[in-house]
Amino acid sequence: MFTYLYEAKHSTSIFMERSGKNESQNSVIFALIYGATYLPAAWLLKHQMIGKPFSIIVAIIPIITFAVFVLKLIKAFSVMDEVRQRVQLEAVVIGFSLTAMLIMLLFLLELCGVSNPGWFGYGHLVGYCWLFYFVGWFVSKKKYDV
């Protein structure tokens with residue numbers, strides 16, 4: 001009986017590992033799809049190469065792909081072990097905190113009359129958010145030695 005329980009537990013953990021890898025791969029694939037829709041959409045809208053009605057559709061497409069990516073990422077989190085979940089949570093907290101500090105700094109610099117929308121416009125904030133997340137991920141990964 002104990003052998004059966006061990007084998008059942010072992011086969012379940014193997015299934016969870018495979019499921020976790022699949023979910024992780026899916027979230028990476030949808031992150032790439034999001035990037036593949038966001039960058040061309042931003043370029044097309046910046047250069048105003050399309051009409052107003054079509055530009056609204058082009059602006060909405062990356063939002064949809066980002067929403068699907070977030071859903072896949074949440075699903076991938078659910079099959080992670082506790083340490084990996086903690087690493088991801090800390091990465092998000094660090095990234096969010098750095099993003100909030102950047103937005104506050106930019107607001108205060110704008111009040112001073114010192115701002116550069118070429119480097120810190122709305123479109124650039126998306127890139128900084130991702131950069132800050134990866135900084136948090138790297139710091140947290142080092143902390144937990146994963």
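# Worked exercises on a five-helix model

Phe69 is buried, with a relative accessible area of 5%. Keep that residue in mind, since it comes back in Exercise 2. One caveat before you start: this is a predicted model.

## Exercise 1: Get the overall layout

Task: Work out how many helices and strands the protein has, and in what order the elements run.

Solution.
- Step 1. Count the elements: you get five helices and zero strands.
- Step 2. Read them off from the N terminus, and the pattern is α-α-α-α-α.
- Step 3. Check burial across the chain. Of the 146 residues in the protein, 18% are buried.
- Step 4. Look at the contacts with a sequence separation of 6 or more: 73% of them join residues 24 or more positions apart.

## Exercise 2: Classify two ring pairs

Task: Find how many aromatic pairs the whole structure holds, then classify Phe66 with Phe69 and Trp130 with Tyr133.

Solution.
- Step 1. Run the search over the whole structure, which turns up nine aromatic pairs.
- Step 2. Take Phe66 and Phe69. Their ring centres are 5.9 Å apart and the planes meet at 50°, so this pair is tilted. That label fits because planes under 30 degrees apart would count as stacked and those over 60 as edge-to-face.
- Step 3. Place the pair in sequence. Phe66 and Phe69 sit three residues apart in helix α2 (residues 52-78), so about one helical turn separates them.
- Step 4. Check the burial of each partner. Phe66 is partly exposed at 33% relative accessibility, while Phe69 is buried at 5%.
- Step 5. Move on to Trp130 and Tyr133. Here the centres are 6.3 Å apart and the planes stand at 90°, so the pair is edge-to-face.
- Step 6. Place this pair too: Trp130 and Tyr133 are both in helix α5, three residues apart, or about one turn.
- Step 7. Compare the labels. Trp130 is partly exposed at 29%, and Tyr133 is buried at 18%.
- Step 8. Follow the ring pairs outwards. They link Tyr34, Tyr38, Phe66, Phe69, Trp130, Tyr133, Phe134 and Trp137 into a cluster.

## Exercise 3: Describe how α3 meets α5

Task: Give the distance and the crossing angle for the axes of α3 and α5, then say which class the angle belongs to.

Solution.
- Step 1. Recall the recipe: two packed helices are described by the angle between their axes and the distance between the axes.
- Step 2. Apply the recipe. The axes of α3 (residues 82-112) and α5 (residues 122-144) come within 7 Å and cross at roughly 140°.
- Step 3. Assign the class. That angle makes α3 oblique to α5; an angle would have to be over 145 to count as roughly antiparallel.
- Step 4. Add the handedness: the crossing of α3 past α5 is right-handed.
- Step 5. Sort the residues of the contact between α3 and α5 by type. You find 18 nonpolar, five polar and four charged.

## Exercise 4: Three residues of α3

Task: For Glu90, Thr99 and Phe96, decide who is buried or exposed.

Solution.
- Step 1. Start with Glu90, which lies in helix α3. Its relative accessibility is 19%, so Glu90 counts as buried. The cut-off is under 20%.
- Step 2. List what Glu90 touches, leaving out residues up to four places away in sequence: Ser140, Lys143 and Tyr144.
- Step 3. Turn to Thr99, also placed in helix α3. Thr99 is buried at 11%, and with the sequence neighbours up to four places away left out, Thr99 touches Cys129 and Phe132.
- Step 4. Finish with Phe96 of helix α3. At 62% relative accessibility, Phe96 counts as exposed. Phe96 and Trp130 are 34 residues apart in sequence, and their C-alpha atoms are 9.8 Å apart.

## Exercise 5: A backbone check and a spacing check

Task: Find where Gln48 lies, and how far Ile60 is from Thr37 in sequence and in space.

Solution.
- Step 1. Look up the phi of Gln48. The value is near 45°, which is positive in a residue other than glycine.
- Step 2. Locate Gln48: the loop between α1 (2-46) and α2. With a relative accessible area of 68%, Gln48 is exposed.
- Step 3. Go on to Ile60, which is in helix α2 and partly exposed at 43%.
- Step 4. Take the C-alpha to C-alpha distance. Ile60 and Thr37 are 9.9 Å apart in space, with their positions 23 residues apart in sequence numbering.

Notes: Residues numbered from 1 in each chain as written. Predicted model: local features only at pLDDT ≥ 70, side-chain atom pairs only at ≥ 80, totals over all residues. Heavy atoms only, no water. Axes fitted to C-alpha atoms, helices over the stretch in contact; angles between N-to-C directions. Helix = DSSP H or I, 4+ residues; strand = E, 2+ residues; numbered from the N terminus. Parallel < 35°, antiparallel > 145°, perpendicular 65-115°, else oblique. Left-handed = near helix turned anticlockwise from the far one by under 90°. Nonpolar A, V, L, I, M, F, W, Y, C, P; charged D, E, K, R; others polar. Buried < 20%, exposed > 50% of the residue type's maximum accessible area, 1.4 Å probe, protein only. Contact = heavy atoms within 4.5 Å. Phe/Tyr/Trp six-rings, centres within 6.5 Å; stacked < 30°, edge-to-face > 60°.
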